[in-house]
Amino acid sequence: HAHTRASDGASTAEEMARAAAERGYAYLAITDHSKGLGVARGLTEDDLRREHAAIRTLQPSFRSLRLLCGVEVDIRANGRLDLDDEFLAACDIVLASIHSAFGRSAREQTERLIKAIEHPAVDVICHPTGRLLGKRAGYEIDLPAVLDAAAREGVAIEVNAQPDRLDLNDDGIRAAVERGVMLVINTDAHHHDQFGLMRLGVSTARRGWAPPDLVLNTRSAAGLQRWLRDRRRRAAR
């Protein structure tokens, strides 16, 4: 989960890839925002197609780093996603997030997240409670119900390593682990110098007793791609 200056990041895709390669990463998902998030300069489908084509041209320069062409798609207030299903199905990885309508009731927000979880193209739900430490408590949700849906649909839940998010928190992580929900620790990097934030996400996951086999990005590039392929095959049934 990383952004470039194509949306609200500050570095190019090449700069992000180079920084990830220098840290020894096996893979990096470029997941710029979708069009509905205007404040983050969200991208249209055509914009994203052009970005993905540019990322693929970078791939030969990074033999030890697998670049994934993805998107962080906005979950609208009605639970629908901000991009066309056909486009989402063509992405290497799809992350879905709430960025608006925070004042809805717990029932509405829970239904909103579950509807996104049930979408066959969604692989990961990002920063699921929406909290910003010191700024915003987050929207109200029935977290157990959301985690039950993630377990049922085989969708991963993010542990966001940004210091103002750390979302899920340790209690939420423990609840996810109890249900066998797959977690993914993401830096949500918006600059090529932010990959070091991974340690905060790892520390949070450890406090929630997350075992390595339930952390998606402990897997190799081949293992990650196999999980994504298998998850989508099951979702399409």
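Visitor: What makes Tyr25 and Ala26 contacts of serine 64?

Guide: Serine 64 touches Tyr25 and Ala26, not counting residues up to four places away in sequence, and contact means heavy atoms within 4.5 Å. This is a predicted model, in which local features need pLDDT of at least 70 and side-chain atom pairs count only at pLDDT 80 or more, while totals for chains, interfaces and linings use all residues. Residues are numbered from 1 along each chain as its sequence is written, and side-chain values use heavy atoms, with hydrogens and water left out.

Visitor: Why is serine 64 called exposed?

Guide: Its relative accessible area is 60%. Buried means under 20%, exposed over 50% and partly exposed in between, with a 1.4 Å probe and protein chains only, so serine 64 counts as exposed. Serine 64 lies in the loop between α2 (45–58) and β2 (66–74). Helices (H or I, at least four residues) and strands (E, at least two) are DSSP runs, numbered from the N terminus. The C-alpha atoms of serine 64 and proline 144 are separated by 39 Å, with their positions 80 residues apart along the chain.

Visitor: What makes glycine 130 buried?

Guide: Glycine 130 has a relative accessible area of 1%, which falls under the 20% limit, so the residue counts as buried. The loop between β4 and α5 holds glycine 130. Among the residues that glycine 130 touches, apart from those up to four places away in sequence, are Tyr139, Arg165 and Asp167. Glycine 130 and arginine 165 are 35 residues apart in sequence, and their C-alpha atoms are 7.7 Å apart in space.

Visitor: What is unusual about the phi of histidine 127?

Guide: Most residues other than glycine have a negative phi. Histidine 127 is not a glycine, yet has a positive phi of about 25 degrees. This residue lies in the loop between β4 and α5 and is buried, with a relative accessible area of 1%.

Visitor: How do you know that leucine 166 counts as buried?

Guide: Leucine 166 has 17% relative accessibility, which is under 20%, so it counts as buried. Leucine 166 also has a positive phi, of about 45 degrees, although it is not a glycine. Its place is in the loop between β5 and α6.

Visitor: Which peptide bond is cis?

Guide: The bond that joins aspartate 167 and leucine 168 is cis, with omega about 10 degrees. Most peptide bonds are trans. Leucine 168 lies in the loop between β5 (156–160) and α6 (170–178).

Visitor: Why are α4 and α5 called roughly parallel?

Guide: Helix α4 (residues 106–117) and helix α5 (residues 143–153) pack at an angle of about 10 degrees, with their axes 10 Å apart. Axes are lines fitted to C-alpha atoms, for helices over the stretch in contact, and angles run from 0 to 180 degrees between N-to-C directions. Angles under 35 degrees count as roughly parallel, over 145 as roughly antiparallel, 65 to 115 as roughly perpendicular and the rest as oblique. The angle of about 10 degrees is under 35, so α4 is roughly parallel to α5. The α4 side of the contact consists of Thr110, Leu113, Ile114 and Ile117, and the α5 side of Ala145, Val146, Ala149, Ala150, Arg152 and Glu153.

Visitor: How do you know that β4 and β5 pair?

Guide: Two strands pair if DSSP finds at least two bridges between them. Two bridges join β4 to β5, so the condition is met, and the strands run parallel. Valine 124 has alanine 156 as its bridge partner in β5. Strands β3 (residues 93–97) and β4 (residues 124–125) also pair in the parallel sense over two bridges, and four bridges join β5 to β6.

Visitor: What makes β1 and β6 the edge strands?

Guide: The open sheet has six strands in the order β1-β2-β3-β4-β5-β6, with parallel pairing. β1 (27–30) and β6 (183–186) each pair on one side only.

Visitor: What makes both faces of β5 covered?

Guide: In a regular strand the side chains alternate between the two faces of the sheet. In β5, Ala156, Glu158 and Asn160 are on one side and Ile157 and Val159 on the other, and all are buried.

Visitor: What makes a set of residues a nonpolar core?

Guide: A nonpolar core is a set of buried Ala, Val, Leu, Ile, Met, Phe, Trp, Tyr and Cys residues joined through side-chain atoms within 4.5 Å. The largest has 41 residues, and Leu88 and Ile125 have the most contacts inside it. α5 gives the most to this core, with five residues. A second, separate core has 16 residues, including Ala13, Ile30, Ile55 and Cys69.
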